[in-house]
Amino acid sequence: MPRRERPDKPAKSDKPQRTAYDKALGLLARREHSGRELSRKLGQGGYDRQDTTEAIERLGEQGYQDDDRFASMLVRSRASQGYGPARIRAELRNHGIGEATARRLLDEAEVDWHALAADILRRRYGGPTADYAERGRRAQFLLRRGFAAATVRSLTHAEVDDAADD
């Protein structure tokens, strides 16, 4: 039996295409995005580079998109999730946030990284252990979360490579 089309309902191709600005504004209505992230998403949506750039600039001028505000939110969010400064800095770098801005925001966050790492370690593993292998596993856990080797060493008393402290 042939399928009948409804005359009152337009076909998908008749639907007007959203502008890059409208699409980006919709994305920002859900959550903060970095300029790089918006650019990537709009590019994947088929918008050309010039329209994407103009839309992001316009959103920035209107105060809807701000990389500093995005980065500040990300720092607070990741610190509250128990991530260390190295991991947060790497995520900021992936979002196109400069090193100077990342350092400034991490300093402004005023997080006690040692206390945060100790709390994460306590919640995950409980009390201290004398087992050498277990101390190593705990140290690796904290290093993967982005805490400095000196912090990890003081909490786990395990031998840790200082190369992670860059």
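Which residue forms a salt bridge with Arg-137, and how far apart are the closest N and O atoms? I started my notebook with that one. The partner is Glu-134, and the closest N and O atoms are 2.9 Å apart. I should jot down that I'm working with a predicted model.

**Entry 1: the Arg-137 pair**

I looked up where the two residues sit. Arg-137 and Glu-134 are both in helix H8, 3 residues apart, which is about one turn of the helix. Then I checked how covered they are. Arg-137 has a relative accessible area of 46%, so I wrote it down as partly exposed. Glu-134 comes out at 14%, so that one counts as buried. The cut-off I needed here is that buried means under 20%.

**Entry 2: the overall layout**

I stepped back to see the whole protein. I found 9 helices and 0 strands. Reading from the N terminus, the elements go α-α-α-α-α-α-α-α-α. The protein has 166 residues, and buried ones make up 33% of them.

**Entry 3: more salt bridges**

How many salt bridges does the count come to? I got 12. One of them joins the side chains of Arg-78 and Glu-91, at 2.8 Å from N to O. Arg-78 belongs to helix H4 (residues 67-80) and Glu-91 to helix H5 (residues 85-94), so this pair ties together parts that are 13 residues apart in sequence. I looked up the cover on both ends as well. Arg-78 is at 22% relative accessibility and counts as partly exposed. Glu-91 is at 19%, so I put it down as buried. Those two values fall on either side of the 20% cut-off, under which a residue is called buried.

**Entry 4: a network**

Next I went to Arg-103, which forms a salt bridge with Glu-99; their closest N and O atoms are 3.4 Å apart. Both residues lie in helix H6 (residues 99-108), 4 residues apart, and that is about one turn of the helix. Arg-103 is partly exposed, with a relative accessible area of 43%. Glu-99 is partly exposed too, at 31%. I then saw that the pair belongs to something wider: Arg-89, Arg-93, Glu-99 and Arg-103 are linked in a network of salt bridges.

**Entry 5: aromatic rings**

I searched the whole structure for aromatic pairs and got 1. The rings are those of Tyr-125 and Phe-141, with centres 5.7 Å apart and planes at 85°. Why is the pair edge-to-face? The planes are at 85°, and anything over 60 degrees counts as edge-to-face. Tyr-125 is in helix H7 (residues 113-125) and Phe-141 in helix H8 (residues 132-144), so the pair ties together parts that are 16 residues apart in sequence. Is each ring residue buried or partly exposed? Tyr-125, at 24% relative accessibility, counts as partly exposed. Phe-141, at 6%, counts as buried.

**Entry 6: a charged patch**

Last, I looked at charges on the surface. Which residues form the negative surface patch? I listed Asp-48, Asp-51, Glu-54, Glu-57 and Glu-61. I picked Glu-54 for a further check and found it in helix H3 (residues 49-61). Its relative accessible area is 42%, so Glu-54 is partly exposed. That fits the patch rule, because patch residues need over 30% relative accessible area.

How values were computed. Residues are numbered from 1 along each chain as its sequence is written. This is a predicted model: local features need pLDDT of at least 70, side-chain atom pairs count only at pLDDT 80 or more; totals for chains, interfaces and linings use all residues. Side-chain values use heavy atoms; hydrogens and water are left out. Patches are made of residues with over 30% relative accessible area and no salt bridge: like charges are joined within 9 Å, nonpolar side chains (Val, Leu, Ile, Met, Phe, Trp, Tyr) within 5 Å. Accessible areas come from the Shrake-Rupley method with a 1.4 Å probe; for residues, only the protein chains shown count as cover. A salt bridge is a side-chain nitrogen of Lys or Arg within 4 Å of a carboxyl oxygen of Asp or Glu. Lys and Arg count as positive and Asp and Glu as negative; His and the chain ends are not counted. The place of a charge is taken as NZ of Lys, CZ of Arg, CG of Asp or CD of Glu. Helices (H or I, at least four residues) and strands (E, at least two) are DSSP runs, numbered from the N terminus. Buried means under 20% relative accessible area, exposed over 50%, partly exposed in between (1.4 Å probe, protein chains only). Rings of Phe, Tyr and Trp (its six-membered ring) pair if their centres lie within 6.5 Å; planes under 30 degrees apart count as stacked, over 60 as edge-to-face and the rest as tilted.
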